[in-house]
Amino acid sequence: MSEFCIVLDPQTERFYRRLAETVSLPVEQVLRDALFKLAGELALEALARTEQGRK
């Protein structure tokens, strides 16, 4: 598995840390899940645009 380092501004870090505490998960897992969901949404948007271009 690859490992990446990202820089978060203090407000974003606070948000994800509080969220992680609320759901009793490590902050790394919450960030991983959020990025995975965003990647899926962006992929669906790109596919929709591709389909619209074919019509």
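Is Glu13 buried, partly exposed or exposed, and at what relative accessibility? Glu13 counts as partly exposed because its relative accessibility is 33%. Keep that residue in mind as you go through the close-ups below, which all come from a predicted model.

**View 1. Glu13 and Arg17 pair up on helix H1.** Here the two side chains form a salt bridge, with 2.8 Å between the closest N and O atoms. Both residues belong to helix H1, and four residues, or about one turn of the helix, lie between one position and the other. Arg17 has a relative accessible area of 43%, so this residue is partly exposed. Its partner Glu13, at 33%, is partly exposed too.

**View 2. Five residues build the largest nonpolar core.** The members to look for are Tyr16, Ala20, Val27, Val30 and Leu31. Two helices meet in this core: helix H1, spanning 10-23, and helix H2, spanning 27-54, each supply at least two of its residues. The most comes from H2, which gives three. As a general background, nonpolar side chains in soluble globular proteins tend to be buried together.

**View 3. A closer look at Val30, one of the core residues.** Which residues does Val30 touch, once neighbours within four places in sequence are set aside? The contacts are Tyr16, Leu19, Ala20, Val23 and Leu25. Of these partners, Tyr16 and Ala20 are also listed in the largest nonpolar core.

**View 4. Lys37 and Glu41 form a salt bridge on helix H2.** The side chains of Lys37 and Glu41 meet at 3.4 Å, taken from N to O. These two residues are about one helical turn apart because they sit four residues from each other in helix H2. Lys37 has a relative accessibility of 55%, so it counts as exposed, the cut-off for that class being over 50%. Glu41 is partly exposed, with a relative accessible area of 36%.

**View 5. Glu45 and Arg49 make a further salt bridge on helix H2.** What is the distance between the closest N and O atoms of Glu45 and Arg49? They are 3.9 Å apart, in a pair that counts as a salt bridge, for which the cut-off is within 4 Å. Glu45 and Arg49 are both in helix H2, with a spacing of four residues, about one turn of the helix. Arg49 counts as exposed because its relative accessibility is 54%, whereas Glu45 counts as partly exposed at 44%. With this pair the tour of salt bridges is done, the count for the model being three.

Note on methods: Residues numbered from 1 in each chain as written. Predicted model: local features only at pLDDT ≥ 70, side-chain atom pairs only at ≥ 80, totals over all residues. Heavy atoms only, no water. Core = buried A, V, L, I, M, F, W, Y, C linked by side-chain atoms within 4.5 Å. Buried < 20%, exposed > 50% of the residue type's maximum accessible area, 1.4 Å probe, protein only. Contact = heavy atoms within 4.5 Å.
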